[in-house]
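Subject: Structure handover

Hello,

Here is the structure you are taking over. My notes on what was found in it follow below.

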Amino acid sequence: MFLLFGFRPVVKKIGVTKKYRCTRCSNVSCWEVYESRNWFTLFFIPLIPMKPEYFERCSVCGGYNQLSREEAERCRTIV
Ligand SMILES: [Zn+2]
């Protein structure tokens, strides 16, 4: 008998920020806020969610910044 297990990342958009200037590309735009969560999988079936991470992504250049959970929840617009 063998077990096939692993981790599968799931990233979903949860909202947008107010407009502000990107330090990387200098454009002013809204930033998209994402939740990234790894799932423990068994035979490719996601079973156990791991701790989520949050980040915001510049919609112009794709640069991103890590966010705390509180910062991300303030920007949550998609349930
Ligand atoms: Zn940018």
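Two strands count as paired if DSSP finds at least two bridges between them. That definition is needed for one feature of this predicted model: β6 and β7 form a hairpin, with five residues between them. In its turn, G62 has a positive phi of about 85°. Strand β7 covers residues 64–67 and is joined to β6 by four bridges, the two running antiparallel. F55 has Q66 of β7 standing opposite.

Overall layout

The protein chain holds seven strands and one helix. Read from the N terminus, the order of elements is β-β-β-β-β-β-β-α. The chain is more spread out than a compact globule, because its radius of gyration is 16 Å, well over the 12 Å that the globule rule gives for 79 residues. Along the principal axes, the C-alpha atoms fill a box of roughly 55 × 25 × 15 Å. Of the 79 residues, 11% are buried. Among contacts with a separation of 6 or more, 51% are between residues 24 or more positions apart.

Confidence

The mean pLDDT of the protein chain is 92, and 99% of the residues score at least 70. Among the elements, β4 has the highest mean, at 96, and helix α1 (residues 69–74) the lowest, at 91.

The core and β6

Which residues make up the largest nonpolar core? There are six: W31, V33, Y54, C58, L67 and A72. Two elements, β4 (31–42) and β6 (53–58), each give two or more residues to this core.

β6 has two faces that differ in burial. Y54, E56 and C58 point to one face and are buried, while E53, F55 and R57 point to the other and are not. Y54 and C58 are thus members of the core, and E56 is on the buried face of the strand with them.

β6 is also joined to β4, through six bridges, and these two strands run antiparallel. Within that part of the structure, W31 stands opposite C58 of β6. Leaving out residues up to four places away in sequence, W31 touches V16, T17, E56, R57, C58 and S59.

The first strand

β1 (residues 5–16) is the strand in which V10 is found. β1 lies largely in the open, because the number of its twelve residues that are buried is zero. β1 pairs with β4 in the antiparallel sense over eleven bridges, and F5 stands opposite L42 in β4. β4 is therefore bridged to β1 as well as to β6.

How many C-beta neighbours does V10 have inside 10 Å? The number is 12, so V10 counts as exposed; the cut-off for exposed is 12 or fewer. Apart from neighbours within four places in sequence, V10 is in contact with R37 and W39. V10 and P52 are 42 residues apart along the chain, and their C-alpha atoms are separated by 9.6 Å.

Two loop residues with positive phi

S26 lies in the loop between β2 (20–21) and β3 (28–29). Its phi is positive, about 65°, although S26 is not a glycine. S26 counts as exposed because it has 9 C-beta neighbours inside 10 Å.

F44 is found in the loop between β4 and β5 (45–49). F44 is not a glycine either, yet has a positive phi of about 70°. With 9 other C-beta atoms within 10 Å, F44 is exposed.

After the helix

Is I78, in the segment after α1, buried or exposed? I78 counts as exposed, since 11 C-beta neighbours lie inside 10 Å. Its contacts, leaving aside neighbours within four places in sequence, are with K13, I14 and G15. I78 and K12 are 66 residues apart in sequence, and their C-alpha atoms are 9.8 Å apart in space.

Regards

Conventions:
Residues are numbered from 1 along each chain as its sequence is written. This is a predicted model: local features need pLDDT of at least 70, side-chain atom pairs count only at pLDDT 80 or more; totals for chains, interfaces and linings use all residues. A nonpolar core is a set of buried Ala, Val, Leu, Ile, Met, Phe, Trp, Tyr and Cys residues joined through C-beta atoms within 7 Å. A residue is buried if 20 or more other C-beta atoms lie within 10 Å of its own, exposed if 12 or fewer, and partly exposed in between; C-beta atoms are placed from the backbone. Two residues are in contact if their C-beta atoms, placed from the backbone, lie within 7 Å. The radius of gyration is taken over C-alpha atoms; the globule rule is 2.2 Å times the number of residues to the power 0.38. pLDDT is the predictor's confidence in each residue, from 0 to 100.
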